[in-house]
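Work through these exercises with the structure in view. Try each task before you read its solution.

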Amino acid sequence: MANTDSTVAAPASSASPLSARSRVQVVKTVKCRRKENVVPASSKIAELTESRQELLNRIQSLKTDLQSWRYKLDGQVKVYRNELSELKKSLNVEVEKLRSEFQELKTTLQQQQEDVTTSLRKLGLQDASEETKESEDAEIDINEENAKDLTEDAKPDNSEEDDQDLPKDSGKDTKE
């Protein structure tokens, strides 16, 4: 074990003069690298700041575009609402006009029908529709009277047949 310790210590003692030189070299290298690392860090900070500013500008641009779009959209909605309102008003006017025209036509037709009926009565004729209706009512009345007569005639005949079909009680005959 002593050999392993001495071999390890021997290179360390022999490397010490070299390590002082290498230490100086290492320190110079580290200082240079620190400076190099400092320079890239400041350039990265500058890049990030620039990128941040570009993003903020882009966000501001998008906000203004959105506001502009909303303003235009609101304008279009107002225009469409006004157009729809005008169309609704004109439609209501047309509907009222058609209603009044229809009412006028209805009144005119009723007046013409009354005039024709009056003219026919003056000539001694009746309206064909009234004649047809009266004749149908008369036929219905006649048919109803005939039906009543038939049912009344049929009732007394049926009572005699029913008595014959009934069973006789205790030998008594109940015929009338």
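**Exercise 1.** Find which residues form a nonpolar patch on the surface, and classify leucine 66 as buried, partly exposed or exposed.

*Solution.*
Step 1. In this predicted model, the nonpolar surface patch is made of Leu66, Trp69, Leu73 and Val77. Together they have about 350 Å² of accessible area.
Step 2. Locate one member: leucine 66 sits in helix H1, which covers residues 2–122.
Step 3. The relative accessible area of leucine 66 is 39%. Buried means under 20% and exposed means over 50%. Leucine 66 falls in between, so it is partly exposed.

**Exercise 2.** Work out how many salt bridges the whole structure has, and which side chains meet.

*Solution.*
Step 1. A search of the whole structure turns up one salt bridge.
Step 2. Its partners are arginine 99 and glutamate 96, with 3.2 Å from N to O. The cut-off is within 4 Å, so this pair qualifies.
Step 3. Place the partners: both are in helix H1, three residues apart. That spacing is about one turn of the helix.
Step 4. Check the exposure of each. Arginine 99 has 54% relative accessibility and counts as exposed. Glutamate 96 has 46% and counts as partly exposed.

**Exercise 3.** Name the residues of the negative surface patch, and place glutamate 136 in its helix.

*Solution.*
Step 1. The patch consists of Glu134, Glu136, Asp137, Glu139, Asp141 and Glu144.
Step 2. Glutamate 136 belongs to helix H2, residues 128–165.
Step 3. With 45% relative accessibility, glutamate 136 is partly exposed.

**Exercise 4.** Describe the chain as a whole: its secondary structure, its buried share and its exposed area.

*Solution.*
Step 1. Count the elements: two helices and zero strands.
Step 2. The chain has 176 residues, and 1% of them count as buried.
Step 3. The chain exposes about 16900 Å². Carbon and sulfur atoms supply 55% of that area.

Methods. Residues are numbered from 1 along each chain as its sequence is written. This is a predicted model: local features need pLDDT of at least 70, side-chain atom pairs count only at pLDDT 80 or more; totals for chains, interfaces and linings use all residues. Side-chain values use heavy atoms; hydrogens and water are left out. Helices (H or I, at least four residues) and strands (E, at least two) are DSSP runs, numbered from the N terminus. Buried means under 20% relative accessible area, exposed over 50%, partly exposed in between (1.4 Å probe, protein chains only). Accessible areas come from the Shrake-Rupley method with a 1.4 Å probe; for residues, only the protein chains shown count as cover. Patches are made of residues with over 30% relative accessible area and no salt bridge: like charges are joined within 9 Å, nonpolar side chains (Val, Leu, Ile, Met, Phe, Trp, Tyr) within 5 Å. Lys and Arg count as positive and Asp and Glu as negative; His and the chain ends are not counted. The place of a charge is taken as NZ of Lys, CZ of Arg, CG of Asp or CD of Glu.
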